[in-house]
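Trainee: Could you take me through one part of this model in some detail? I would like to follow the charged side chains and see what each one pairs with.

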Amino acid sequence: MGQGGGGAVVAQQRTAKAGPEEELAARLRLLQELSGRGVRALARDTGLSSSSLSRYLGGQTVPPWPAVLALCRLVKRDPRPLRPLWERASSPLPAPPKTSRQVRPPSPPAGAPRPPRNDLPRDVPDFTGREAALAAVLDAVAGSRVVAVDGMAGVGKTCLAVHAAYRLAAERPDAQLYLDLHGFTEGREPLDPETALRSLLAALDVPSEKIPQEGGVEPLAACWRSELAGRRAVVVLDNAADAAQVRPLLPGAGPSVALITSRNRLLGLDEVPPVSLDVLSPEESAELLARASGEAGGSGGPGGRLAREPEAAAEVLRLCGHLPLALRLAAARLRHRPGWTVGILVERMAEGAGEFDTAFAMSVRQLDRAQRRLFRLLGELPGASFDEYVAAALADVPPRTALAMLEDLLDAHLVQQPAAGRYRLHDLVHQHARRAAAEHESPAERERALSRVLDYYVHAAAAADAAMPFPAGSRAASAGRAPAGLPRFPDKNAALAWFGAEYGNLMAAFHAAVAAGADAHVCELPRFMRAYFARRCGTTQLNVLFERSVDAARRLGDPLSLAEAHSDLGFARYNAGRMAEAGAAYEAAAPLVSRAGDALSQAELVLRRGYLKWDEGHVEEPLELFRTAGRLYEAAGCPMGAAHATAYEAWAMLQLGHREEAARLARRALEVPHSDPSWAPALTARITLGVAIAGEEPGEAVRHLHEALDLAREDGHKHNEAWCLNCLGVALRRMGRYEEALDAHRRAFALLDELFEEHWKIHFLNGYGETCRLAGLPEEALRLHRRALELAPEVGYRHEEALAHEGIAAVLDGTDPAAAEEHRAAARAVVGGLSPGPATTAR
């Protein structure tokens with residue numbers, strides 16, 4: 001199954017262990033987000049008091065049922081899915097009795113939610129002074145849940161925000177997020193709000209199906225606030241350029257907090273209290289220098305170098321401008337040079353030009369030649385953070401060598417380590433490195449270094465993509481030269497984690513490749529990111545990437561690259577619901593694929609055209625396309641691809657009422673071994689088989705459907721879970737077990753209501769309606785089929801539109817035969833005169 005017919009989308013989804021009161025409050029906050037109103041406006045429009053509404057949204061009080069009805073009515077949402085939750089919240093079960101023996105909790109089962117995300121950089125062990133500023137930050141957060149820390153470069157804004165975030169994390173354990181907005185990073189544009197929001201939502205493991213794909217920043221911001229509303233999270237938004245950049249990223253209702261840093265006062269955020277930092281006082285500066293150099297105590301300790309040379313120590317403070325960053329760099333030199341006097345340190349620092357360059361240049365001069373070269377080249381990296389593999393590609397050295405050099409740069413305080421295995425440059429250090437590279441490296445060498453980094457990202461993305469094939473295996477990378485070392489990806493979870501950590505860098509590398517005219521990299525990199533985008537990021541940005549890929553492929557003049565780019569662009573358009581544009585892209589790809597003679601690309605294009613034709617309401621043509629794709633995959637020696645095509649042929653045959661053939665094809669698809677049980681074609685085939693044999697082999701049918709349901713739940717994918725439940729309802733209806741069938745349908749719709757996924761219901765409405773008709777609920781059946789008739793044209797699903805007409809006709813047969821016949825005629829017209837056959841029994 002899966003969104004857009006492209007296979008079940010695999011996503012890790014966080015499932016909070018909240019009580020019914022907290023869960024109900026979170027659902028009510030989602031309704032508030034949908035309304036687009038503040039608490040006062042929402043209270044006015046629903047007739048509730050603002051103080052009571054605040055308690056309902058905060059979870060302090062369970063609202064009366066009429067208040068829930070008023071909120072749902074305002075945003076046009078069905079309140080019935082909330083009723084069981086409201087009842088549990090209104091009458092909570094008593095807590096289990098306490099026992100004297102402590103029982104160790106069991107280990108989480110396979111497929112359990114991952115631990116909460118913690119992206120915060122390391123809290124510095126020598127945090128010094130700032131007592132008043134820290135208190136101001138914590139007080140501001142307690143009052144408004146947001147604070148903005150401003151001050152000059154190097155004054156310690158990030159250090160203070162991160163230190164405060166660790167203090168706040170204990171009461172907000174669900175997530176600790178950090179995002180560098182690059183408001184003042186030399187050589188980089190500030191992160192735009194849309195990209196920032198997608199990065200933050202990905203950090204929360206929000207499935208791509210829940211993330212808005214159209215409409216720009218506002219829907220994304222609403223989704224972000226909605227996700228935060230049900231979590232207790234700390235978010236550090238570092239290095240903001242201005243208020244416009246950061247405003248969409250702020251939390252709404254709920255307990256989550258945000259700490260912002262910027263070199264500018266964010267005057268446009270009137271509601272956010274500011275905390276301004278100045279340089280350290282002389283006493284604080286002396287204490288920090290002593291602690292960071294290993295001579296604890298503000299005087300440097302009895303007999304310490306700082307204590308023995310007070311005048312020289314005071315000169316170090318002056319040369320550093322009392323700035324924490326410069327002080328730590330100077331202290332690092334003293335700590336690693338036990339033979340130096342403080343006077344020698346002053347002499348070395350005095351050779352610099354200013355309070356930053358004195359510290360930076362002095363630290364760089366202590367490096368050996370290879371380390372200095374790596375430091376300079378790090379200023380040329382397109383991304384924000386890096387690991388030893390990226391550094392190895394940049395400097396053209398083995399990863400082991402790169403790691404050793406990075407550790408030396410870390411000791412010299414020239415790089416930071418926000419997390420194990422990850423490194424970054426402070427903006428000021430980055431600026432110094434870029435200037436040094438421009439001065440000491442030739443343009444040709446800087447260009448070669450960037451090319452090596454682009455080579456690395458293409459080949460690493462290809463290796464990660466191969467760990468989660470989409471849909472039938474990936475082509476090997478061919479752009480550039482393979483790097484000396486790549487990370488290992490033993491399974492799809494490791495690959496997803498790598499894509500998540502490198503997402504921002506991959507996007508920066510892509511745009512750097514576009515700017516550099518590296519057309520081969522522009523063509524290949526998006527292809528290897530397709531599976532990750534399908535699981536985490538949705539289709540909006542993927543459409544943009546493939547638009548650039550088409551342009552690059554034209555410049556390359558390679559028919560296969562251009563064919564694949566058009567095909568990929570078409571599939572991105574299709575998943576975004578842009579059906580006509582998808583068809584145009586496929587038409588452009590077809591002759592190019594034929595000319596290139598590549599069987600895998602041809603099979604992929606044929607399969608994609610089958611999805612599109614089916615959703616447009618055709619019957620014979622998509623079936624033949626699925627069969628042709630299977631033959632092409634088999635000829636290319638790709639059994640997984642053939643299984644993918646067979647699974648969708650089986651699903652289509654089931655929808656047409658040919659259950660025996662559907663079951664045969666589904667069993668054939670399931671015979672192809674695959675390491676991932678929740679692999680999309682296997683899930684599709686298992687569901688198809690369960691529905692197909694429900695009447696003849698009910699026991700085996702239920703087993704297959706429950707296995708599919710368990711796999712979807714283990715995979716954390718709510719949409720596939722809903723799909724499994726709906727198909728279970730269809731199968732139980734075919735067995736005559738109407739009450740159980742209705743329960744399965746209701747649970748499927750409850751999941752979609754929980755996700756506020758109205759458009760996804762087009763896949764389920766007609767099947768649910770048919771069950772209602774046979775269960776003796778004709779009015780409910782008519783309502784469901786008519787809703788399908790409204791929704792199908794909006795999303796371009798002509799086949800479901802035809803089924804809706806047939807469903808209405810079946811309900812009206814006994815009361816209004818003339819109207820029933822009109823609907824059957826309309827169904828035939830929708831599919832261009834090709835009746836879908838006895839599909840009403842297969843819905």
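Mentor: Happy to; here is a walk through the charged side chains around one helix, followed by a short look at two other places. Please keep in mind that this is a predicted model.

Let's start with helix α31, which covers residues 659-670. Within this helix, Glu-661 and Arg-664 form a salt bridge, and their closest N and O atoms are 2.6 Å apart. The two residues are separated by about one helical turn, because they sit 3 residues apart in α31. Both ends of this pair are partly exposed: Arg-664 has a relative accessible area of 43%, and Glu-661 comes out at 25%.

Now move along to Arg-667, which also lies in helix α31. Arg-667 has two acidic partners to look at, Glu-697 and Glu-700. With Glu-697, the side chains meet in a salt bridge at 3.8 Å, N to O. Glu-697 belongs to the loop between α32 (680-692) and α33 (698-714), so this pair ties together parts that are 30 residues apart in sequence. Glu-697 is partly exposed, at 35% relative accessibility, and Arg-667 is partly exposed as well, at 32%. The salt bridge between Arg-667 and Glu-700 has its closest N and O atoms 3.0 Å apart. Here the link runs from helix α31 to helix α33, where Glu-700 lies, and the two residues are 33 apart along the chain.

Elsewhere, salt bridges with shared partners build a network: Arg-527, Arg-530, Glu-564, Asp-568, Glu-604 and Arg-608 are all joined in it. As background, side chains of opposite charge can pair when their charged atoms come close. Over the whole structure, the search finds 42 salt bridges.

For a contrast, have a look at some acidic residues that make up a patch. Asp-368, Glu-407, Asp-408 and Asp-411 form a negative patch on the surface. One of them, Asp-411, is found in helix α19, which spans residues 399-411. Asp-411 counts as partly exposed because its relative accessibility is 37%. Asp-408, another member of the patch, has its side chain in a polar contact of 2.6 Å with the side chain of Gln-371. Gln-371 is part of helix α17, residues 369-378. With a relative accessible area of 10%, Gln-371 is buried.

Methods: Residues are numbered from 1 along each chain as its sequence is written. This is a predicted model: local features need pLDDT of at least 70, side-chain atom pairs count only at pLDDT 80 or more; totals for chains, interfaces and linings use all residues. Side-chain values use heavy atoms; hydrogens and water are left out. Patches are made of residues with over 30% relative accessible area and no salt bridge: like charges are joined within 9 Å, nonpolar side chains (Val, Leu, Ile, Met, Phe, Trp, Tyr) within 5 Å. Accessible areas come from the Shrake-Rupley method with a 1.4 Å probe; for residues, only the protein chains shown count as cover. A salt bridge is a side-chain nitrogen of Lys or Arg within 4 Å of a carboxyl oxygen of Asp or Glu. Lys and Arg count as positive and Asp and Glu as negative; His and the chain ends are not counted. The place of a charge is taken as NZ of Lys, CZ of Arg, CG of Asp or CD of Glu. Helices (H or I, at least four residues) and strands (E, at least two) are DSSP runs, numbered from the N terminus. Buried means under 20% relative accessible area, exposed over 50%, partly exposed in between (1.4 Å probe, protein chains only). A polar contact is a pair of N or O atoms within 3.5 Å; within protein, one must be able to donate a hydrogen and the other to accept it, and residues adjacent in sequence count only if both atoms are side-chain atoms.
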